[in-house]
Amino acid sequence: SQGRYYDYPIKPMNALRNLGFLEAVRCVLSYLWVRVRPPKDQTTLEGYIAANYGWRLYDHFFKTYNEKVWGVPASELSADWGAQRIKGMSLWSAVWEPIRARFFGRRRSKSQQVTSLIEEFQYPKYGPGMMWERCRDLVEAAGTKIVMETRVTGIRHEGGRAVAVVAETDGVRAEYAADEVISTMPSPRLLQAMDPPVPAAVAEAATGLTFRDFLTVALVVPESAGFPDNWIYIHSPDVKVGRIQNFGSWSPYLVKDGRTCLGLEYFVFEGDDIWSSSDEDLVARGTRELEILGLVSAADVEAGYVVRMPKAYPVYDDSYKDNVEVLRRWLDEHAPNVHPVGRNGMHKYNNQDHSMYTAMLTIEN
């Protein structure tokens, strides 16, 4: 934020040094002001954050980054995202605690743990893909066939239940009889795959659910050019990159000796200028932006790769909740044995562990 790096989770003294004592006081006064004059519209992400943290902290820590992620002003997004994802974040404590300690002395308090801001966690040696490889092995060992690289093109339903899944592999069509269907595909595609088709009003609700897409520019650099953090969130409007991961910090087994890989993450819409750029141009952009940020000299970038990921983030716009409810009601009535799970299936911005848990609970149910 404003050319400075803040620890995350926020650490009080680090925040105070970066903000400066005078600006920290202004943030406190801004917070107190919204207690007296809260934003009129708190149904938007902007209004929700400003009401909870004050306008100055909103400008410092939320506005630019959220608009990078979503591609629209925070005033056009639902407050639901803020209530779900940033509830309990201690930005207020980061500003208030150093001021209180300076003038009133420190006091003991019970530690507060916010589950989204844990300091340590277990990470697979070669990345999260190891979990799915192990899952595949267990499923196949139990006698079940797993079919990869196969596109679901239809879900046949009759008599108030789904009865079969239709899929294609290299143009070859196959039909799989189904007692239950568990789906992680984006919920609009799930409803659009129903055969017979859903009514027009349901199809319209499905089309109304939108997503933010995502691509990573992975740049290979000397290990000495990396940084000790797992990732850095980039608020600066001077560059398009929104977050940078150092994969060598996640696990040394992910990179070659003497090298690390920096993953520059861009939040995009499928088909826009960045998404449609050539890999060569994207590697050049990432290299240039690393240098603008002062992280790595362009001359230190040895190689680059691009990975595109569509439908990465379900968008919480002002109509998403109503649209999700339309799809849910239709499934409950016409195909209750179809179970959407995960981030895309539920159109809910879950973390990976929460998404896996939705599948586990579905199996139990």
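Long-range contacts dominate the count in this predicted model. Of the contacts in the chain with a separation of 6 or more, 67% join residues 24 or more positions apart. The chain has 365 residues, and 42% of them count as buried. Its exposed area is about 21,000 Å². Carbon and sulfur atoms supply 51% of that area. The secondary structure comprises 15 helices and eleven strands.

Helix α3 spans residues 45-53. Seven of its nine residues are buried, so α3 is largely enclosed by the rest of the structure. The buried set consists of Leu-45, Gly-47, Tyr-48, Ile-49, Ala-50, Ala-51 and Tyr-53. Just after the helix comes Gly-54, with a positive phi of about 90 degrees. Helix α4 covers residues 55-70.

Two packed helices are described by the angle between their axes and the distance between the axes. For α3 and α4, the angle is about 145 degrees and the axes are 8 Å apart. The crossing is right-handed. On the α3 side, the contact is made by Leu-45, Glu-46, Ile-49, Ala-50 and Tyr-53. On the α4 side, Trp-55, Leu-57, Tyr-58, Phe-62 and Asn-66 take part. An α-helix has 3.6 residues a turn, so residues three or four places apart point the same way. Several of the α3 contact residues also belong to the buried set, among them Leu-45, Ile-49, Ala-50 and Tyr-53.

Strand β3 (residues 172-177) gives another picture. None of its six residues is buried, and the strand is hardly covered. Its partner is β2 (residues 161-169). The two strands pair in the antiparallel sense over six bridges. They form a hairpin with two residues between the strands. Within this hairpin, Asp-170 takes a positive phi near 50 degrees.

Thr-169 lies in β2 and stands opposite Val-172 in β3. With a relative accessible area of 27%, Thr-169 is partly exposed. The cut-off for burial is under 20%, so Thr-169 does not count as buried. Leaving aside neighbours within four places in sequence, Thr-169 is in contact with Glu-149 and Thr-150. The Thr-150 contact includes a polar one: the two side chains meet at 2.8 Å. Thr-169 and Met-148 are 21 residues apart along the chain. Their C-alpha atoms are separated by 8.7 Å.

A further group of strands forms an open sheet. Five strands take part, in the order β7-β8-β9-β6-β10, and the pairing is antiparallel. The edges are held by β7 (231-233) and β10 (303-314). Each has a single partner strand, so one side of each is left without a neighbour in the sheet. Neighbouring strands of this sheet are turned by 20 degrees against each other on average, direction ignored. In a regular strand the side chains alternate between the two faces of the sheet.

In this order, β6 stands between β9 and β10. Strand β6 covers residues 211-222. Its antiparallel pairing with β10 runs over nine bridges. One residue pair in this register is Arg-212 with Tyr-313, its bridge partner in β10.

Notes: Residues are numbered from 1 along each chain as its sequence is written. This is a predicted model: local features need pLDDT of at least 70, side-chain atom pairs count only at pLDDT 80 or more; totals for chains, interfaces and linings use all residues. Side-chain values use heavy atoms; hydrogens and water are left out. Helices (H or I, at least four residues) and strands (E, at least two) are DSSP runs, numbered from the N terminus. Buried means under 20% relative accessible area, exposed over 50%, partly exposed in between (1.4 Å probe, protein chains only). Contact means heavy atoms within 4.5 Å. A polar contact is a pair of N or O atoms within 3.5 Å; within protein, one must be able to donate a hydrogen and the other to accept it, and residues adjacent in sequence count only if both atoms are side-chain atoms. Two strands pair if DSSP finds at least two bridges between them. Axes are lines fitted to C-alpha atoms, for helices over the stretch in contact, and angles run from 0 to 180 degrees between N-to-C directions. Accessible areas come from the Shrake-Rupley method with a 1.4 Å probe; for residues, only the protein chains shown count as cover. A crossing is left-handed if the near helix is turned anticlockwise from the far one by less than a right angle, and right-handed if clockwise.
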